[in-house]
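Me: I'm new to reading protein models and would like to go through one with you. Could we take it step by step, with the picture in view?

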Amino acid sequence: MKILIAFVIVILAAAHLLLPLAPLAEARALDPGLAQLLLVELRLPRTLLVLGYGATLGISGAALQALFANPLASPDISGASSGAALGAVLGGYWLGLTQPMALAACGAAGALVAMALLVTFAGRHAGTATLLLAGLAISLAAGAATSLALALAPSPFAFYDAFDWLMGSVVDRSLPQALAALVPAALACLLLVRRARALDLLALGEDVAASLGHRPRRLGLEVILLSAIAVGACVAVAGAIGFVGLVAPVLARRITRGHPGQAMIPAGLIGAILLTLADLFVRAIALDRPLPIGVVTALFGTPIFLHLVVRMRRGVAA
Amino acid sequence: MTSLCANDLAIPGRLAATDLGVASGELVALVGPNGGGKTSLLRAIARVEQASGQVSIDGENIDRLSEARRARLLAFLPASRDAAWPISARDVIALGLGSRDRQRIDELVQLFELTRLADRPVDRLSTGERTRVLLARALASSPRLLLLDEPFSNLEPYWVLRLLEILRGLADRGPMVLVALHDLGKLDRFDRALLIAEGRVQQDGVPATLIAAPQFEDIFRLRATPGGWTIRR
């Protein structure tokens, strides 16, 4: 199974990097250096972003679901993505930051504030309804605040500029931008994955985890901080992309036979696959201007989300 | 020989500073009114984050040990039987082991008669069935000390008696077993009983002596009559 997934990722990454072939071939005919430039400067950042952002969503989604013991917890539902978007807008349009790394830090700070609010309002042992409602309230508030911040921004073009990015977009990002998102995200994800065993034991209850020497409260803070950093940095560069962080862990737990902590790595791989597929889809349909990738994940993700909700309701009824 | 040494155990607002020693092979009952501190004492020994004090088993300070070593020394079954994830019973038992030891898992599946349930997800089992799976998980690493919070609740009569038998058999081979329970009728099956109320151990002794003490009736607001316990008015 693992080999199969790894194989699929390599194929998809290659396809994402090389397709469509025609422009590359044309550039190559003109000048081999031009083809290389096209590949490294334009295609590579986008491929790295979809792979890395997808993996980040999968891993942090799985970690949050394990922490909240709830299959609906995820970066988008928890409000972290919306908080990150608000943070990045404030940093970019109000503080005038332009450095990709500084914007990524603003995104992480925004995500962290949103998650802190979620834990304050809903608590860590919240039922599904409480978690969803608190997350929804935070997302709506952050969304409204983002619109307000853009509307009142010193730059009159703020809204227009930010539209594609807000919907989630990986088009025309530079290599430094991609790295500003992916380096912090990769570090945070690495630290998250190291907590797999502790998160699995958390499935038996906090006290059982504590009896084996783990520290559930500290673990909770670490998972929240690390996912906020990972998701915040990615959102600052490529906007809020929904549903991948929700769906990938659900699929991953089928591979790990329900173990929520072990599911982080497969969720990361599945997330990378899903987002790459979504972006291939974006490029495959010819429109005057590219469809934001977040729109595609939302279109495909909503039915899966509804399916999950219905299944959970049946599970509760049974 | 004292094998469990607990000093200055405390949880703010729940458990006043408590010292406790338990000898190898002792089967100890923790009884007391609701909210008196039975669970807090077990949690403090299990080293939850809020607990202060020191716990050592066979001379090893628990707090300094790796997860694998701790699992060999103690296991805790909390009162909550919640299961959030669809993990199979067999996998839950495996979580109690550092490495996946099939033979040990099979032993426990046999012991708790879980063959029919072993591959079903625990979140779909009845509470009593899940209790047996979680007990098997706690026993999996053959710990020196078992901390069981109300293990008999939700069990059918057969399993109540069977569990008493299993715990007795276990204690006879050396491990210590601490059990919080409410059914005073089971006290005579234990070597020792602790009466816990208002966040401290009020009495500690042989169950028969403990029950006979006037303080026991005071704390429980009960009276021993020939027909059994009655409410004291």
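Me: Which strand of chain B has the lowest confidence, and which has the highest?
Reply: Keep in mind that this is a predicted model, and that the mean pLDDT of chain B is 90, with 100% of its residues reaching 70 or more. At the top end sits strand β8 (residues 176-180) of chain B, at 96. Confidence in chain B is lowest, at a mean of 82, in strand β11 (residues 222-225). So for lowest and then highest, the names are β11(B) and β8(B).

Me: What ipTM and pTM does the model score?
Reply: These two scores go with the model. They are ipTM 0.89 and pTM 0.88.

Me: In what order do the strands of the six-stranded sheet in chain B come?
Reply: This sheet is open and its pairing is mixed. Its edge strands are β6 (74-77) and β10 (200-205) of chain B, each pairing on one side only. Neighbouring strands here are turned by 15° against each other on average, direction ignored. The order is β6-β7-β8-β3-β9-β10.

Me: How many bridges link β3 and β9 of chain B?
Reply: Strand β3 (residues 27-31) and strand β9 (residues 192-197) of chain B pair in the parallel sense. Ala29(B) has Ala193(B) as its bridge partner, and Val31(B) stands opposite Leu195(B). The number of bridges between β3(B) and β9(B) is four.

Me: Which residue in the hairpin of β9(B) and β10(B) takes a positive phi?
Reply: β9(B) and β10(B) pair in the antiparallel sense over five bridges. Among the pairs, Ala197(B) is matched with Arg200(B) in β10(B). The hairpin has two residues between the strands, and the one with a positive phi, near 50°, is Glu198(B).

Me: What angle does α1(B) make with β7(B)?
Reply: Helix α1(B) packs on the six-stranded sheet, touching β3, β6, β7 (145-149), β8 and β9 of chain B. Helix α5 (residues 127-139) of chain B lies across β6 and β7, running at about 165° to β6(B). For α1(B) against β7(B), the angle is about 145°.

Me: Which strands are at the edges of the four-stranded sheet in chain B?
Reply: That open sheet runs in the order β2-β1-β4-β5, with antiparallel pairing. Strand β1 (residues 2-11) of chain B is joined to β2(B) by six bridges, and one of the partner pairs is Thr2(B) with Ala23(B). Helix α1 (residues 38-46) of chain B lies across β1, β2 and β4 (52-57), at about 110° to β1(B). The strands that pair on one side only are β2 (15-23) and β5 (60-61) of chain B.

Me: Which two residues touch the most other members of the largest nonpolar core?
Reply: In soluble globular proteins, nonpolar side chains tend to be buried together. Here the largest nonpolar core holds 173 residues. Contacts of Leu147(B), leaving out residues up to four places away in sequence, include Leu42(B), Ile45(B), Phe76(B) and Leu178(B). The two residues that touch the most other members are Ala181(A) and Leu147(B).

Me: Is Arg70(B) buried or exposed?
Reply: Arg70(B) is in helix α2 (residues 67-73) of chain B. Leaving out residues up to four places away in sequence, Arg70(B) touches Leu212(A), Gly213(A), Ile62(B) and Leu65(B). A residue needs 20 or more other C-beta atoms within 10 Å to count as buried. Arg70(B) has 23, so the word is buried.

Me: Is Gln215(B) buried or exposed?
Reply: Gln215(B) belongs to helix α8 (residues 214-220) of chain B. Leaving out residues up to four places away in sequence, Gln215(B) touches Gln202(B) and Gln203(B). The cut-off for exposed is 12 or fewer C-beta neighbours. Gln215(B) has 12 inside 10 Å, so the word is exposed.

Me: What arc do the buried residues of α7(A) cover around the axis?
Reply: In helix α7 (residues 158-166) of chain A, Ala162(A), Trp165(A) and Leu166(A) are buried. They lie on the same side of α7(A), because the arc they cover around the axis is small, only 90°. These buried residues pack against α4 (80-94) and α6 (128-151) of chain A. The arc is 90°.

Definitions and conventions
Residues are numbered from 1 along each chain as its sequence is written. Chains are lettered from A and ligands numbered from 1 in the order in which they are written. This is a predicted model: local features need pLDDT of at least 70, side-chain atom pairs count only at pLDDT 80 or more; totals for chains, interfaces and linings use all residues. A nonpolar core is a set of buried Ala, Val, Leu, Ile, Met, Phe, Trp, Tyr and Cys residues joined through C-beta atoms within 7 Å. Two residues are in contact if their C-beta atoms, placed from the backbone, lie within 7 Å. pLDDT is the predictor's confidence in each residue, from 0 to 100. Two strands pair if DSSP finds at least two bridges between them. Axes are lines fitted to C-alpha atoms, for helices over the stretch in contact, and angles run from 0 to 180 degrees between N-to-C directions. The arc is that of the directions from the helix axis to the C-beta atoms.
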